Amino acid sequence: MPSRRTIYILIGVGGAAILATALGVGLSMALHPKHSSQQPPPSGTSGSSSSSFTGDLTYYTPGLGACGIYSTAADAICAISHIMYDAAAPRGANPNLNPLCGKQIRATRGSKSVLVTVVDRCEGCEVDDIDVSPSAFGKLADEKEGRVQVKWEWVD
């Protein structure tokens, strides 16, 4: 039968191995998030109107956005997907300096369209979704609808 000292050493070594594994998994997840900002943004985000996107259109109550611009519900503004927003700038960069800030988007639904300016980042959006001010949403759909399909493109 092993001595108490041997048992304590084995328990200590086992605990250290478990701790090292947990730290390794945690660091791996932190360094390789699900939506890495190192992935390139979808085509068309350079300001070219050659590509269009189809996604959900929603609205939110604006305030101080990720671009550092304060907006109101009456402004023609939008928040783009966090995936697209984060992919456009290096990790850890000042979000106020994101190259997509201030870019314009033309959102179209049926025969209606609205021009909006990127001022924010939408955490709940999928990559091709946009979240707009209530006034911009109202030009494309009734607010009671809440979430509708929209086609949009970058405008030079």
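Colleague: How many disulfides does the structure hold?

Modeller: In a model you look for pairs of cysteine sulfurs within 2.5 Å. This is a predicted model, and it holds two disulfides. C67 pairs with C101, sulfurs 2.0 Å apart, and C122 pairs with C125 at 2.1 Å. Counting bonded cysteines along the chain, the pattern is 1-2, 3-4.

Colleague: Which parts does the pair of C67 and C101 tie together?

Modeller: For that, see which elements flank each cysteine. C67 sits in the loop between strand 1 (52-59) and strand 2 (77-81), while C101 sits in the loop between helix 2 and strand 3 (104-109), so the link joins parts 34 residues apart in sequence.

Colleague: And is each link left-handed or right-handed?

Modeller: Read the torsion about the S-S bond. For C67 and C101 the torsion is about -85°, so that disulfide is left-handed. The link of C122 and C125 has 80° and is right-handed. Both C67 and C101 are buried, and so are both C122 and C125.

Colleague: Why is C78 not bonded to C67?

Modeller: Check the distance against the 2.5 Å cut-off. The closest cysteine sulfur to that of C78 is in C67, 9.0 Å away, which is too far for a bond. C78 is buried as well, with a relative accessible area of 0%.

Colleague: What does Y85 touch?

Modeller: Leave out sequence neighbours up to four places away, and the contacts of Y85 include both C67 and C101, along with I80, P95 and R121. Y85 belongs to helix 2 (residues 82-87) and is buried at 2% relative accessible area. A polar atom of the Y85 side chain also lies 3.4 Å from the backbone oxygen of A66.

Technical notes. Residues numbered from 1 in each chain as written. Predicted model: local features only at pLDDT ≥ 70, side-chain atom pairs only at ≥ 80, totals over all residues. Heavy atoms only, no water. Helix = DSSP H or I, 4+ residues; strand = E, 2+ residues; numbered from the N terminus. Buried < 20%, exposed > 50% of the residue type's maximum accessible area, 1.4 Å probe, protein only. Contact = heavy atoms within 4.5 Å. Polar contact = N/O pair within 3.5 Å; in protein donor to acceptor, adjacent residues only side chain to side chain.
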